[in-house]
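User: I've got this model open on my screen and would like to talk it through. Take me through it bit by bit, please.

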Amino acid sequence: MATYTTEIASDKIISDNPIHQRLLQAYYEAIPYMKGKVLEPGCGEGRGIAVLSPQAEEYVALDKIDEVIDKLKPEFPSVDFRTAVFPPFDGIEDDYFDTVITFQVIEHIRNDKLFLEEIHRVLKPGGRAVITTPNIKMSLSRNPWHEREYTNKELKDLAGSIFSEVEMKGIAGNDKVMEYHEQNRASVARITRFDIFNLQYKLPNALLRIPYDLLNRLNRNNLQKQDEGLVTEIDRTDYFLRDQHEDNLDLFCVVTK
């Protein structure tokens, strides 16, 4: 993935604000699950490190993009940042971490079962992992940066084949958030009506990524122009953790070794 695409929602781009706040709130919701030594595979631009790392005895953050890691190191000197392509988690010993946090990552991993098996391997007995990923039932179009997306049942079944306990929750939004979501749905529908041959579901991911990014950025900018007050006013507290529900925006899966 390129360092800066619409797939990496920025806190510095106004039109990204609703997505950024949604992703940020997940880290706050993860605080009660934090304990001891923590691993975050796929830390990205470090959206949640300031939130979670003070809660940890030790915090190890992995990402495959060198320039992202290089930027984060001086900002968070107490965090052990490592450039890594995974799975597997090379160089990480078995039964080492108390907690694993991995947000909006599993959908990018080709071998998702191995990814979960590696999380299981590095967790201590009784350790927990918190995993978030988009709820496919709320996705508005195919995302060519994703290998796949999941329903609640699909992720629960996959995780349940590896972990002793699986609890499914989700990140949901209030009326303000859902108003933005419906505006987004209508805007995406206006764009995709030209895809009369349904090419977004037929072409290889590699061919779709550039047009997807261009159209996604155009769409977010149009939503900002359409209702800038709504786009800028949405805050992380407009999102909340909810029990398993088909209309949750993201799945929030808690697994125990």
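**Loops, strands and cores**

User: Between which two helices is the loop where asparagine 198 lies?
Analyst: Asparagine 198 is in a loop. Helices here are DSSP runs of H or I with at least four residues, strands are E runs of at least two, and both are numbered from the N terminus. So the helices either side of that loop are α6 and α7 (205–226).

User: Before we go on, what kind of model is this, and which atoms count for side chains?
Analyst: It's a predicted model, where local features need pLDDT of at least 70 and side-chain atom pairs count only at pLDDT 80 or more, while totals for chains, interfaces and linings use all residues. Residues are numbered from 1 along each chain as its sequence is written, hydrogens and water are left out, and side-chain values use heavy atoms.

User: Is asparagine 198 buried, partly exposed or exposed, and what's its relative accessibility?
Analyst: Buried means under 20% relative accessible area and exposed means over 50%, with partly exposed in between (1.4 Å probe, protein chains only). Asparagine 198 isn't a glycine, yet has a positive phi of about 60°. It counts as partly exposed, and its relative accessibility is 36%.

User: Which loop holds aspartate 95, and what's its phi?
Analyst: Aspartate 95 lies in the loop between β3 (80–83) and β4. Its relative accessible area is 40%, so it's partly exposed. Although it is not a glycine, its phi is positive, at about 55°.

User: What are the omega values of the cis peptide bonds at proline 87 and proline 88?
Analyst: Proline 87 and proline 88 are both in the loop between β3 and β4. The bond from phenylalanine 86 to proline 87 is cis with omega near -5°. The one joining proline 87 and proline 88 is cis too, with omega about 0°.

User: Why is β8 described as largely enclosed, and how many of its residues are buried?
Analyst: On one side are Asp250, Phe252, Val254 and Thr256, on the other Leu251, Cys253 and Val255, and all are buried. That alternation fits the general pattern, since side chains in a regular strand switch between the two faces of the sheet. β8 is largely enclosed by the rest of the structure because its buried residues number seven of seven.

User: Which strands pair with β8 over seven bridges?
Analyst: Two strands count as paired if DSSP finds at least two bridges between them. One antiparallel partner has valine 130 standing opposite valine 254, and the other has isoleucine 171 opposite aspartate 250. Those partners, each with seven bridges to β8, are β5 (residues 123–134) and β6 (residues 165–173).

User: Which element gives the most residues to the largest nonpolar core?
Analyst: A nonpolar core is a set of buried Ala, Val, Leu, Ile, Met, Phe, Trp, Tyr and Cys residues joined through side-chain atoms within 4.5 Å. The largest has 36 residues, and those with the most contacts inside it include Ile49 and Phe81. Elements giving two or more residues include α3 (66–75) and β8 (250–256), but the top contributor, with four residues, is α1.

User: Which residues does serine 187 touch, leaving out those up to four places away in sequence?
Analyst: Serine 187 is found in helix α6 and is buried at 6% relative accessible area. Contact means heavy atoms within 4.5 Å. On that basis, serine 187 touches Asn219 and Leu223.
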